[in-house]
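Let's take a walk through this fold together. Have a look at the sequence and the structure first, and then we'll go from the middle outwards.

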Amino acid sequence: MKLNLDRLNDVNNKSMDLHKAELDLLSQKLDKKCINAEEVIKDISTLQVATPSWALGTGATRFGRFPGGGEPATLEEKVGDVGILKQLSGQTSSISLHIPWDIPENAEDIKDLASSYGLTFDSMNSNTFMDDPRGANTPNGLSYKYGSMCNTIEGVRDQAIQHNIDVIEYGKRLGSNSLTVWLADGSNYPGQANFRRQFENVQDCLQKIYKEMPEDWFMFTEHKPFEPNFYSTVNADWGSNLLLAKGTGERCMCLVDLGHHLPNTNIEQVVSRVIMEKRLAGFHFNDSKYSDDDLTVGSLKPYQLFLIFNELVEYLKGDEKQENELAWMIDASHNTKDPMEDLLQSFDAIALAYGQALTIPRTALNEAQLNNDVAGGQEILQDAYRTDVRPLVREARMRQGAAYDPVAAYRALQVRKQLIDARGTRVAVTGL
Ligand SMILES: [Mn+2]
């Protein structure tokens, strides 16, 4: 389904006088700090965030699921929904698939469909954290109950390797160029497993998968200190992740999921460390109060998000570069909101944090740090954070033909109603 852009322009035009006045005032304010608003708008426009296929439907907790209607049941419908998100936000132009839920029956057709919406395929996600009921991720017919790549049984490890190779094959057909590996491996009780043996088994498997990747592909490994194993996880933290990446190969990078840290972890410092080692894959954006809550980006800790982008802008505007383009993706779940509205809110929050970080006067910040001007450094960061740069984000969106206010436009155009009319109220669980 494609939106009628004439109607979108009508909705935008209602806010245009106010927008022009706000943008003009903000540009003058930024000028005084020697920040060029036009350059910030261009930078914001280039930040494209991938939409994960599993975020398009209502999520679930283990206490239940409360789905709305019109959710995508097929890969084609998921691609269509990302197309709508692109039209409304101008902030997403790719979709990240999760195998076994998104196995493309006909890769050429699905690739053509995506390109008709201006979309490409982002990182491919494998799944060895469960046994697919159809056996689609267990080619050897063995269970991942006691782990996949960490497993003591060689046949299980071989199976996990084969599944990841299968995912690479699907990705090659779709034009993707990276494999994201999140491992559920670990243990639930002391005595269950040998930490070192588990780590070495995982390292060995990753090396074997890495050898099967095309030379222009990257592997992203994602750390997490808990869940579904609660005593230990093999890839528990950024340090373990960095060890695995370095032990795997030059194109193995560390993915940072904002919900995959112990409480109070200084995530922005983690980002700085991993960049220093030239191993940052990119991000899975979400927000959380307690752990891997997968809440809307920026809904709880927008200042943390801004501080993370402060580190990223330092890297992006600096001279030292990694081999890979950083990968930006949302990894969230929506239990009580329309998933499309939630994603639009997340894109907006990411663009806003990026825009704020782009308006930090970096030379002045560096001078404050060199001179041990503690209050001065804080003032510089907080001034950027407290300046409302939403007019820049809105301008970046509208220059791409997208909405002044994506959620308001989504409602004004009655997108969910159109989706329900087209698909009915049926719903399908199609990924986590
Ligand atoms: Mn993630």
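The largest nonpolar core has 108 residues, and those with the most contacts inside it are Met 253, Cys 254, Val 271, Ile 350, Ala 353 and Leu 392. A nonpolar core here means a set of buried Ala, Val, Leu, Ile, Met, Phe, Trp, Tyr and Cys residues joined through C-beta atoms within 7 Å. As for "buried", a residue earns that word if 20 or more other C-beta atoms lie within 10 Å of its own; it is exposed if 12 or fewer do, and partly exposed in between, with the C-beta atoms placed from the backbone. Helix 11 (residues 339–358) gives the most to this core, chipping in 12 residues. In soluble globular proteins, nonpolar side chains tend to be buried together.

A quick word on what you're looking at: this is a predicted model, where local features need pLDDT of at least 70 and side-chain atom pairs count only at pLDDT 80 or more, while totals for chains, interfaces and linings use all residues. Residues are numbered from 1 along each chain as its sequence is written.

Back to Val 271. Leaving out residues up to four places away in sequence, Val 271 touches Val 256, Leu 280, Ile 308, Glu 311 and Leu 312. Touching, or being in contact, means that the C-beta atoms, placed from the backbone, lie within 7 Å.

Zooming out, the protein has 16 helices and 11 strands. These are DSSP runs numbered from the N terminus: helices are H or I with at least four residues, strands are E with at least two. Of the 432 residues, 46% count as buried. The C-alpha trace spans about 65 × 60 × 40 Å along its principal axes. Among contacts between residues at least 6 apart in sequence, 79% join residues at least 24 apart.

Now for the sheets. One open sheet has 6 strands in the order 4-5-7-9-10-11, with parallel pairing; two strands pair if DSSP finds at least two bridges between them. Strand 4 and strand 11 (327–330) are its edge strands, each pairing on one side only. Another open sheet is made of 3 strands in the order 1-2-3, and the pairing is parallel there too. Its edges are strand 1 (51–52) and strand 3 (120–121).

Here are some of the strand pairs:

| Pair | Sense | Bridges |
|---|---|---|
| Strand 2 (residues 94–96) and strand 3 | parallel | 2 bridges |
| Strand 4 (residues 124–125) and strand 5 | parallel | 2 bridges |
| Strand 5 and strand 7 (residues 218–222) | parallel | 5 bridges |

So what about strand 5 (residues 178–182): is it covered or open? It is mostly covered, with 5 of its 5 residues buried. Ser 178, Thr 180 and Trp 182 point one way, while Leu 179 and Val 181 point the other. Met 124 sits opposite Leu 179, Asn 125 faces Thr 180, and Trp 182 has Glu 222 of strand 7 as its bridge partner.

Finally, the helices on this sheet. Helix 6 lies across strand 4 and strand 5, running at about 145° to strand 5. Angles run from 0 to 180 degrees between N-to-C directions, with axes being lines fitted to C-alpha atoms, for helices over the stretch in contact. Helix 8 (residues 238–248) packs on the sheet as well, touching strand 7 and strand 9 (252–257), and its direction makes about 160° with that of strand 9.

Methods. Contact = placed C-beta atoms within 7 Å.
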